[in-house]
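Please read the report below alongside the sequence and the model. It takes up charged side-chain contacts, then cysteines, then enclosed space.

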Amino acid sequence: MGKPTGFMEYARRVSKDVSPKQRIQNFDEFHVHLTMEEQQEQGARCMDCGVPFCQSGMTLGGMTSGCPLHNLVPEWNDLVYTGNWEQAYYRLHKTNNFPEFTSRVCPALCEAACTCGLNGDPVSTKENEYAIIENAYEKGYASAKPPKVRTGKKVAVVGSGPSGLAVADQLNKRGHLVTVFERADRIGGLLMYGIPNMKLEKHIIDRKIRVMEEEGVTFVTGCDIGRTVKAEKLLKEFDRVVLCCGSSQPRDISVPGRDAKGIYFAVDFLSANTKSLLDSGFADQKYADTKDKNVVIIGGGDTGNDCVGTAIRHGAKSVTQIEMMPKAPDTRADSNPWPQWPKVCKTDYGQEEAIAVYGRDPRIYESTVKEFVKDKNGNLKAVRIVSLTWEKDAGTGRMISKETVGSEKTLDAEIVLIAAGFLGSQKYVTDAFHVAVDDRTNVRTAAGRFATGVDRVFTAGDMHTGQSLVVKAIRQGRECAREVDESLMGYTNLYVQ
């Protein structure tokens with residue numbers, strides 16, 4: 001373990017954030033990280049529990065508790081404490097292909113399940129992970145390591161999000177020849193265009209892609225399989241095809257006035273913003289500019305919060321975030337005990353910035369949209385919302401919402417961003433490969449498996465499970481790669497913890 005008394009001697013410390021009013025001046029990451037010596041002290045706080053819930057990845061109370069990748073957390077926490085940074089990297093990379101991504105965007109399920117957090121503050125595992133991987137790049141431990149033997153088997157991976165990249169990385173390490181096809185102009189999928197630059201700077205993705213290319217993975221951009229390239233071509237040229245196209249069909253809001261000009265899906269808004277930033281530093285103006293406009297965001301999840309932060313950085317006049325659900329409690333309820341994921345109210349970076357800029361939390365809870373109001377030219381000018389009351393249905397026991405009579409109010413809005421989640425895979429892709437989908441349009445497979453009903457076609461990630469976390473997509477990719485490898489070779493030695 002770390003230091004036997006470390007959790008009693010050292011207080012939890014994490015990176016400091018640049019102040020909200022300062023960080024909104026740009027789209028850069030805004031964390032000031034600890035020194036290596038300070039990080040080693042944090043590693044000392046790990047207790048090496050008899051039952052390390054941090055790496056369990058179990059489902060408790062309908063939520064994931066601990067790391068879905070089963071990262072060997074106590075092991076590399078101890079290695080951080082003792083200063084063995086190289087070995088810490090190898091232990092981390094054994095279970096996680098992309099710690100440079102998860103150490104930035106993962107909600108730290110490991111920390112929520114940390115035993116230290118039961119009666120105190122959890123170990124700063126996510127920060128330790130960041131320090132390990134960044135040190136590994138600096139010292140050369142994370143450099144390319146091409147496979148020494150090639151099998152001659154060819155695999156096509158459609159989609160370059162976290163699951164697709166994990167599939168490609170694993171199968172390439174096994175010696176297969178892997179080609180990743182991406183319909184966008186840059187590799188990374190939702191990592192590149194779905195997550196804003198201030199959460200994950202895009203040169204971090206490019207750095208890893210260069211390593212994978214040096215290791216032998218081929219990347220093809222601007223290739224929309226099912227449209228510009230027929231599915232039959234891939235099945236003819238490759239021994240296996242893996243579909244990792246994400247859950248990219250956004251959920252819409254069907255109310256009067258939906259055709260108003262100024263309404264965007266959040267994923268389109270964020271994608272255009274990042275592309276314009278990368279292409280020209282916003283000089284091309286190919287994004288929805290929120291400067292001096294009233295912005296209403298429908299949806300209270302991570303994507304909605306990213307929209308808040310992005311709109312503020314462009315100088316929005318006001319930002320309001322509409323959430324259907326009630327505000328979560330500020331502390332754990334008795335019905336939500338450790339080590340379950342804590343269902344408590346979280347004020348994320350975007351909301352912090354809104355409070356600093358506008359003097360108020362942007363969220364309005366238990367509300368929904370009734371109408372988008374247009375001006376005479378068809379431009380959005382306002383949003384009518386109504387409050388909701390939640391009640392338990394006597395028949396099913398499920399909570400249902402009802403509109404509160406007389407609670408309607410109108411919000412000024414020139415731009416609306418719909419961040420109401422995703423419905424599943426896109427039909428043109430599933431139709432092209434003739435794969436079956438379930439009632440949520442996720443690609444259907446046998447339980448716990450990744451092979452579709454179509455010979456030699458597999459699937460993984462959000463396209464398989466529906467919208468989820470980056471860390472879960474990586475896990476799916478690793479498991480899928482193992483199944484693909486076994487189908488190609490008759491056995492597999494790919495490691496999945």
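The side chains of R12 and E111 meet in a salt bridge, with 2.9 Å between N and O; a salt bridge here is a side-chain nitrogen of Lys or Arg within 4 Å of a carboxyl oxygen of Asp or Glu. This pair links distant parts of the chain, since R12 sits in the loop between α1 (6-9) and β1 (16-17) while E111 belongs to helix α7, 99 residues apart. Helices (H or I, at least four residues) and strands (E, at least two) are DSSP runs, numbered from the N terminus. E111 counts as buried at 10% relative accessibility, whereas R12, at 27%, counts as partly exposed; buried means under 20% relative accessible area, exposed over 50%, and partly exposed in between, with a 1.4 Å probe and protein chains only.

The model is a predicted one, in which local features need pLDDT of at least 70 and side-chain atom pairs count only at pLDDT 80 or more, while totals for chains, interfaces and linings use all residues. Residues are numbered from 1 along each chain as its sequence is written, and side-chain values use heavy atoms, with hydrogens and water left out.

By the distance rule, the count comes to 31 salt bridges. Among them are the pairs in the table, and R23, R313, E352 and E353 are linked in a network of such contacts.

| Salt bridge | Closest N to O distance |
|---|---|
| R12 and E111 | 2.9 Å |
| K370 and E403 | 3.2 Å |
| R384 and E371 | 2.6 Å |

The bridge between K370 and E403 connects strand β14 (residues 367-374), which holds K370, with strand β16 (residues 399-403), which holds E403, the two residues being 33 apart in the chain. K370 is partly exposed, with a relative accessible area of 30%, and E403 is also partly exposed, at 44%. In the bridge between R384 and E371, R384 lies in strand β15 (residues 380-392) and E371 in strand β14, 13 residues apart. R384 is partly exposed at 30% relative accessibility, and E371 is partly exposed at 27%.

Why is the sulfur of C49 not bonded to the one in C114? A disulfide is taken as a pair of cysteine sulfur atoms within 2.5 Å, and the sulfur of C49 is 6.3 Å from its closest cysteine sulfur, in C114, which is too far for a bond. The sulfur of C116 also has its closest cysteine sulfur in C114, at 4.4 Å, again too far for a bond. The count of disulfides comes to zero. C116 counts as buried, at 9% relative accessibility, while C49 is partly exposed, at 22%.

The structure holds two cavities of 30 Å³ or more. On a 1 Å grid over the protein atoms alone, a cavity is a set of points where a 1.4 Å probe fits but cannot get out, and lining residues have an atom within 4 Å of a point. The largest cavity encloses about 130 Å³, and of its 15 lining residues, C67, N71, C106, C110 and E129 lie nearest its centre. Helices α4 (73-81), α7 (109-112) and α8 (125-139) each supply at least two lining residues, with the largest share, three residues, coming from α8.

The second largest cavity has about 100 Å³ of space. Of the 15 residues that line this second cavity, C46, C49, C54, C114 and T115 are the closest to its centre, and the largest share of its lining, three residues, comes from α4.

Note on methods: On a 1 Å grid over the protein atoms alone, a cavity is a set of points where a 1.4 Å probe fits but cannot get out, and a pocket is an open set with protein on both sides within 12 Å along at least five of seven lines; lining residues have an atom within 4 Å of a point. Grid points are joined across faces, edges and corners, and a volume is the space filled by probe spheres set on the points.
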